[in-house]
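Hi everyone, thanks for making time. Could you bring the model up on your screens, so that we can walk through it together?

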Amino acid sequence: LSPLEQLIERGFEIIGIYTQPDKPRGRGRDLGRTAVKAFAEKTGIEVFQPTSLKSAESHSQLQLLAPDLIVIAAYGKILPAETLAIPTKGCLNVHPSLLPRHRGASPVAATLLAGDKVAGATIFRVETGVDSGPIIAQQEHNIRFDDNVVSLTDRLFEEAGKLLISVLPSYLEGNVVPKTQDE
């Protein structure tokens with residue numbers, strides 16, 4: 001299960017889902033929706049697909065939702081400081097690597113290309129830098145001999161979702177001390 005599916009399954013209130021805009025796909029160049037949007041439509045949770053979170057309209061829309069917490073998993077865009085300031089409990093990222101190693105857009109591929117024997121998941125508080133905020137929780141996972149980018153990514157996001165679910169109650173109660181990443 002994805003982190004989003006796990007949050008819903010465990011009864012966390014999801015007030016909105018943000019995902020990338022629909023994009024032309026395939027030979028016919030028909031607009032294709034993201035897997036997140038397809039899943040969200042089944043749940044009845046409102047879906048937002050702004051082209052940019054920097055616009056005044058996107059900022060106002062998110063302020064109206066008034067989230068306590070934002071959780072990001074593979075969103076693919078850097079959140080502006082104005083967005084990060086909206087949720088009262090901050091913004092957490094579910095990341096498929098053991099930060100600070102392998103920051104950036106392709107952490108799983110970088111892990112495999114580096115020949116690492118261990119991969120992992122990190123939950124961290126988002127700041128304005130790329131994957132640079134303080135760590136809330138981490139968990140290691142052995143890389144299997146037959147892993148590839150797809151299999152390892154899927155497994156790491158499922159495990160990261162479990163890690164998120166396990167640490168979220170303590171985090172929301174203020175009982176987690178984030179650890180600054182070693183630069």
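The second largest pocket holds about 570 Å³ of space. Keep in mind as we go that this is a predicted model. Which residues sit closest to the centre of that second largest pocket? Of the 26 that line it, they are Ala 74, Gly 76, Gly 104, Ala 105 and Asp 131. Strand β6, helix α5 (residues 107-113) and helix α6 each give at least two residues to this lining. By class, the lining of the second largest pocket splits into 16 nonpolar, 7 polar and 3 charged residues.

Let's stay with Ala 74 for a moment. Ala 74 sits in the loop between β5 and α4, where α4 covers residues 81-84. Its phi is near 55 degrees, a positive value in a residue other than glycine. For context, most residues other than glycine have a negative phi, and most peptide bonds are trans. Is Ala 74 buried or exposed? With a relative accessible area of 62%, Ala 74 is exposed.

There is a second residue of this kind to look at. His 102 is not a glycine, yet has a positive phi of about 65 degrees. You'll find His 102 in the loop between β6 and α5. His 102 has a relative accessible area of 16%, so it is buried. That loop between β6 and α5 also holds Pro 100. The peptide bond leading from Leu 99 into Pro 100 is cis, with omega near 10 degrees. If you plan to work with the backbone angles, those are the spots I'd show you.

Now for the largest pocket. Its volume is about 1200 Å³. It is lined by 35 residues, and the closest to its centre are Leu 4, Gly 16, Ile 17, Val 71 and Ile 72. Which elements supply at least two residues each to the lining of the largest pocket? They are α1, β1 (17-18), α2 (35-43), α3 (56-65), β5 and α6. The largest share comes from β5, with 4 residues. As for chemistry, this lining has 27 nonpolar residues, 6 polar ones and 2 charged ones.

Since β5 came up, let's look along that strand. Strand β5 runs over residues 70-73, and its side chains alternate. Ile 70 and Ile 72 point to one face and are buried, while Val 71 and Ala 73 point to the other face and are not buried. Next to β5 we have β6, residues 91-95; the two strands run parallel and are joined by 4 bridges. Across that pairing, Val 71 stands opposite Leu 92 of β6.

Leu 92 takes us to the packing. In soluble globular proteins, nonpolar side chains tend to be buried together. Here the largest nonpolar core has 17 residues, and Leu 92, Val 94, Ile 123, Ile 136, Leu 164, Leu 168 and Tyr 171 are those with the most contacts inside it. Strands β6, β7 (118-125) and β8 (135-142), along with helix α6 (149-172), each supply at least two residues of this core. Helix α6 gives the largest share, 8 residues. A second, separate core has 15 residues, including Tyr 18, Ile 70, Tyr 75 and Leu 99.

What does Tyr 171 touch, leaving aside neighbours within four places in sequence? Its contacts are Leu 69, Lys 89, Gly 90, Leu 92, Arg 125, Ile 136 and Val 176.

I'll end with two more buried side chains. Arg 155 is in helix α6. At 15% relative accessibility, Arg 155 falls under the 20% cut-off and therefore counts as buried. Beyond the neighbours within four places in sequence, Arg 155 is in contact with Asn 142, Ile 143, Arg 144 and Asp 147.

The other one is Gln 6, in helix α1, which covers residues 3-9. Why does Gln 6 count as buried? Because its relative accessibility is 6%. Not counting residues up to four places away in sequence, Gln 6 touches Leu 1, Phe 157, Glu 158, Gly 161, Lys 162 and Ile 165. Gln 6 and Lys 42 are 36 residues apart in sequence, and their C-alpha atoms are 15 Å apart in space.

That's my tour, and I'm happy to take questions.

Note on methods
Residues are numbered from 1 along each chain as its sequence is written. This is a predicted model: local features need pLDDT of at least 70, side-chain atom pairs count only at pLDDT 80 or more; totals for chains, interfaces and linings use all residues. Side-chain values use heavy atoms; hydrogens and water are left out. Buried means under 20% relative accessible area, exposed over 50%, partly exposed in between (1.4 Å probe, protein chains only). Two strands pair if DSSP finds at least two bridges between them. Contact means heavy atoms within 4.5 Å. A nonpolar core is a set of buried Ala, Val, Leu, Ile, Met, Phe, Trp, Tyr and Cys residues joined through side-chain atoms within 4.5 Å. On a 1 Å grid over the protein atoms alone, a cavity is a set of points where a 1.4 Å probe fits but cannot get out, and a pocket is an open set with protein on both sides within 12 Å along at least five of seven lines; lining residues have an atom within 4 Å of a point. Grid points are joined across faces, edges and corners, and a volume is the space filled by probe spheres set on the points. Ala, Val, Leu, Ile, Met, Phe, Trp, Tyr, Cys and Pro count as nonpolar, Asp, Glu, Lys and Arg as charged, and the others, Gly among them, as polar.
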